Amino acid sequence: MYSLQRDVFFDVNLEDLLISADKVAHVQVGNTLEHALLVLVKSGYTAVPVLDSAFKLHGLISKNIILDSLLGVERIETEKLAEYNVEEVMDTNIPQVTLNHTFIKVLGMSINHPFICVVDEEGAFEGIITRRVILKLVIRHLNQE
Ligand code: 2BA
């Protein structure tokens, strides 16, 4: 049987779970959809953050959002890949926290989001916490009796 003490999560430091910004694949505001699709396909990730040149977080772009934006009435309008920039179609509803938030908050957010963005007080991007890292920590705290 497994038991899990809620208390063990109160001391979790979110910084220990962070994949830092320099290791996160991302695209920049002003990049075309074509460039974003290249980054997504080459990195293998489904979705990545959209940042500006000052590393401020603006949104998320995914393969699905890009493909959806290409759908015309009768065909896939691939010419839009070069015509549109990421900020025109990106998701601005970003799951995000600062390092002051609790692990329980991030755990709850990970139900609906494969990764949570971490920003500082000014909105500068610090990195991501992935569902994988969150689940690894939960498993580590499961005590077999
Ligand atoms: P997905 O790209 O849909 O990836 C789902 C899961 O597949 C990942 O879960 C990971 O376990 C595995 N995976 C996918 N691509 C991988 C790769 N290139 N190398 C190793 N494993 C890979 P999580 O690790 O929990 O990541 C959740 C989501 O966070 C990913 O969803 C992706 O959207 C984002 N992500 C993770 N690491 C990233 C990074 N370094 N840069 C940008 N985005 C990242």
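Trainee: Where in the chain is Phe-55 found?
Mentor: Good place to start, and keep in mind that the model is predicted. Two strands flank this residue, β4 and β5. Phe-55 belongs to neither strand, but is found in the loop between β4 and β5.

Trainee: Is Phe-55 buried, partly exposed or exposed?
Mentor: The relative accessible area of Phe-55 is 29%. Buried would require under 20%, and exposed would require over 50%. The value falls in between, so Phe-55 counts as partly exposed.

Trainee: What is the value of phi of Phe-55?
Mentor: Most residues other than glycine have a negative phi. Phe-55 is a residue other than glycine, yet its phi is positive. The angle is near 70°.

Trainee: Which residue lies 5.5 Å from Lys-56, C-alpha to C-alpha?
Mentor: Lys-56 also has its place in the loop between β4 and β5. With a relative accessible area of 38%, Lys-56 is partly exposed. Its partner is 69 residues away along the chain, but their C-alpha atoms are separated by 5.5 Å, and that partner is Phe-125.

Trainee: How many helices and strands does the protein chain have?
Mentor: Try reading the pattern along the sequence: β-β-β-α-β-β-α-α-β-α-β-β-α-β. Each α stands for a helix and each β for a strand, and the totals for the chain are five helices and nine strands.

Trainee: What percentage of the residues of the protein chain count as buried?
Mentor: The C-alpha trace spans about 60 × 35 × 25 Å along its principal axes. The chain has 145 residues, and a residue is buried if its relative accessible area is under 20%. The share that counts as buried is 36%.

Trainee: Is Ile-66 buried or exposed?
Mentor: Ile-66 is found in helix α2, residues 63-70. Its C-alpha atom is separated by 9.6 Å from that of Lys-80, 14 residues apart along the chain. The relative accessibility of Ile-66 is 0%, which is under the 20% cut-off, so Ile-66 counts as buried.

Trainee: How far apart in space are Leu-107 and Ser-43, C-alpha to C-alpha?
Mentor: Leu-107 has its place in helix α4, residues 103-109. Leu-107 is partly exposed, with a relative accessible area of 26%. In sequence, Leu-107 and Ser-43 are 64 residues apart, and in space the distance is 25 Å.

Trainee: A nitrogen atom of the ligand is 3.4 Å from a side-chain atom of which residue?
Mentor: Let's go through the ligand's polar partners. A backbone N or O atom of Lys-23 lies 3.0 Å from a ligand nitrogen, and a polar backbone atom of Ser-43 is 3.2 Å from a nitrogen of the ligand. At 3.4 Å, the atom is an N or O in the side chain of Tyr-45.

Trainee: What percentage of the ligand's accessible area does the protein cover?
Mentor: On its own, the ligand has 740 Å² of accessible area. The elements that give two or more residues to the shell around the ligand are β4, β8 and α5. The part of the ligand's area that the protein covers is 65%.

Trainee: How many residues surround the ligand?
Mentor: The closest are Lys-23, Ala-25, Thr-46, Ala-47 and Arg-132. By class, the shell has eight nonpolar, four polar and three charged residues. The number that surround the ligand is 15.

Trainee: Which element gives the most to the lining of the largest pocket?
Mentor: This pocket has a volume of about 320 Å³. Among its 13 lining residues, the closest to the centre are Tyr-45, Ala-47, Phe-115, Ile-128 and Thr-130. β4 and β8 are the elements that give two or more residues to the lining. With three residues, the one that gives the most is β4.

Trainee: Which strand gives the largest share of the lining of the second largest pocket?
Mentor: About 160 Å³ of space lies in this pocket. Its lining includes Leu-60, Ile-61 and Ser-62, along with Ala-47 and Phe-115. By class, the lining has seven nonpolar, four polar and one charged residues. Three residues make up the largest share, and they come from strand β5.

Technical notes
Residues numbered from 1 in each chain as written. Predicted model: local features only at pLDDT ≥ 70, side-chain atom pairs only at ≥ 80, totals over all residues. Heavy atoms only, no water. Near = heavy atom within 4 Å. Polar contact = N/O pair within 3.5 Å; in protein donor to acceptor, adjacent residues only side chain to side chain. Areas by Shrake-Rupley, 256 points an atom, 1.4 Å probe, with all protein chains shown as cover. Helix = DSSP H or I, 4+ residues; strand = E, 2+ residues; numbered from the N terminus. Nonpolar A, V, L, I, M, F, W, Y, C, P; charged D, E, K, R; others polar. 1 Å grid on protein atoms, 1.4 Å probe; cavity = no way out; pocket = protein on both sides within 12 Å on 5 of 7 lines; lining within 4 Å. Points joined across faces, edges and corners; volume = space filled by probe spheres on them. Buried < 20%, exposed > 50% of the residue type's maximum accessible area, 1.4 Å probe, protein only.
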